[in-house]
Amino acid sequence: MELQPPRGTADLLPPASDAMLGLYEAAHRSARLFGFRYVETPTFEHTELFARTSGETSDVVTKEMYTFEDKGGRSLTLRPEQTASIVRAYLENAHDLPNPFKAYHVSQQFRHGRPQAGRLREFRQFGVETIGVAAPGADVEVIALGDRFLRGRGLDDLELQVNSIGDAECRPAYREKLIAYLEPHAAELDEDCRTRLRTNPLRVFDCKVDGKTPLVLGAPMISDNLCQACAEHFAAVRNGLDADGVAFEHDPRLVRGLDYYTRTTFEFASGALSQAQSALGGGGRYDGLAEVLGGPATPGVGFALGLDRILLAMPATGARTPGGAGVACFVVALGAEATTVGTRLLKDLREAGIPAASAFEDRPLKAQLRMADRAGAAYVAIVGEREVEAGTAQLRRLASGEREGEQEQEEVPLDDVVNWFSRTDWAAER
Ligand code: AMP
């Protein structure tokens with residue numbers, strides 16, 4: 001029996017799982033603070049949903065989808081992203097949902113790529129979508145929320161790039177202009193870049209080999225070729241971000257390849273990660289997506305942030321990993337009588353909402369202290385024979401980094417232990 005999980009997947013265990021839970025909680029808090037509502041869509045969908053929204057030429061469709069046939073012979077796919085699913089769910093239920101529909105998710109995605117640091121086959125995202133408003137204020141709100149969430153995680157060396165890629169009005173003409181500029185030099189481009197030029201010209205700016213050559217850098221840029229409406233929208237987004245105090249840079253080469261993406265695109269990156277995996281997440285407007293799914297024209301804007309990446313970036317920048325490690329109090333009972341007292345104390349603590357645990361066996365003090373430490377407890381409450389007689393418990397801090405023999409210990413009446421914890425900021429002690 002193989003004990004390792006499948007390639008590209010990972011078990012999330014303490015303390016990494018505590019940190020991930022902290023990110024989940026922060027994601028829920030941030031999204032709700034901005035008025036977004038929690039949604040869940042199925043883990044797998046009809047393959048067609050992603051085939052349509054990823055476009056025939058995109059990497060996700062051609063290489064990375066987890067597609068399988070179910071017992072009924074239907075082609076299903078584990079979701080590689082959430083936007084398509086959320087827009088699908090919105091279109092099916094629009095009459096029952098608020099307008100605009102502001103949705104968020106915290107969920108696993110699946111992509112069959114080549115696993116490496118920061119690139120998994122199953123990974124976690126926090127994403128938001130605002131569906132049903134075309135106004136630039138919606139773009140600003142989404143970007144500001146992403147920025148706030150990331151900065152709140154202590155990711156100070158955060159970079160936010162913003163661009164506009166126009167719409168059906170101005171992009172076709174720009175595309176012709178770009179092709180006309182590059183076509184005469186096609187022979188100088190490597191094969192990947194040449195393919196992009198043919199299938200998806202805007203993506204030449206993402207070419208690994210040639211994306212940064214003077215030839216490509218000198219190409220006309222979409223943000224210089226916007227129609228009036230797109231230019232006004234972009235100006236309003238930038239002004240809104242300035243007014244909100246969100247620091248950003250305009251990257252005129254930040255593009256998306258698919259036609260249903262319109263106007264705003266943005267990306268968050270961390271200087272703490274290597275170039276190849278520095279993207280923490282991004283998003284943009286997708287005013288044409290609903291129609292690709294056969295619905296009425298419906299504007300939308302959103303982002304997806306990679307939580308596994310964010311976790312990687314956090315220790316590197318010295319940020320504190322979030323989430324309480326373990327319980328507030330580990331009850332250490334020594335002897336049969338103390339066990340009865342300890343069991344009652346454990347129950348009282350839990351009833352008062354104070355996380356508590358204990359050993360299941362009567363073991364020596366040292367062994368129980370080790371268990372408490374491993375359980376990530378902030379404090380132990382020691383009850384021995386003497387304490388039973390006195391009606392007290394010894395409260396001892398287990399904070400890490402403490403020097404031997406310098407443990408603080410306080411004798412507290414048993415019926416005051418719960419109050420004592422209520423008065424203490426025990427979570428900050430770890
Ligand atoms: P995307 O949906 O491709 O725009 O990705 C948004 C974010 O999800 C990226 O910036 C990464 O942080 C994260 N992400 C994407 N693919 C992976 C992956 N294979 N493994 C881990 N994180 C990923």
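User: What makes four residues of helix 13 (residues 365–374) count as buried?
Analyst: Ala 367, Gln 368, Leu 369 and Ala 372 are buried in helix 13. They are called buried because each has under 20% relative accessible area (exposed is over 50%, partly exposed in between; 1.4 Å probe, protein chains only). This is a predicted model: local features need pLDDT of at least 70, side-chain atom pairs need 80 or more, and totals for chains, interfaces and linings use all residues. Residues are numbered from 1 along each chain as its sequence is written, and side-chain values use heavy atoms, without hydrogens or water.

User: What covers those buried residues of helix 13?
Analyst: The cover includes strand 12 (329–333), strand 14 (379–383) and strand 15 (392–397). Helices (H or I, at least four residues) and strands (E, at least two) are DSSP runs, numbered from the N terminus. Just after helix 13, Gly 376 has a positive phi of about 75°.

User: Why is the set with Phe 126 and Leu 280 called a nonpolar core?
Analyst: It is called that because its members are buried Ala, Val, Leu, Ile, Met, Phe, Trp, Tyr or Cys residues, joined through side-chain atoms within 4.5 Å. This largest core has 74 residues. Phe 126, Phe 149, Leu 150, Phe 268, Leu 280 and Ile 310 touch the most other members. Helix 5 (residues 136–152) gives the most to this core, with 8 residues. Another core, of 22 residues, lies apart from it; Ala 333 and Val 412 are among its members.

User: What does Phe 149 touch?
Analyst: Contact means heavy atoms within 4.5 Å. Leaving out residues up to four places away in sequence, Phe 149 touches Leu 23, Ala 26, Ala 27, Ser 30, Phe 126, Leu 305, Leu 307 and Ile 310.

User: How do you know that Leu 120 makes a polar contact with the ligand?
Analyst: A polar contact is a pair of N or O atoms within 3.5 Å. A polar backbone atom of Leu 120 is 2.8 Å from a ligand nitrogen, so the pair qualifies. A polar side-chain atom of Gln 125 lies 3.1 Å from a ligand oxygen. For a polar backbone atom of Leu 280, the distance to a ligand oxygen is 3.0 Å. The protein covers 83% of the 490 Å² of accessible area that the ligand has on its own (Shrake-Rupley method, 1.4 Å probe).

User: Which strand gives the most to the shell around the ligand?
Analyst: Strand 10 does, with 3 residues. Strand 6 (122–131), strand 10 (279–285) and strand 11 (300–306) each give two or more.

Technical notes
Polar contact = N/O pair within 3.5 Å; in protein donor to acceptor, adjacent residues only side chain to side chain.
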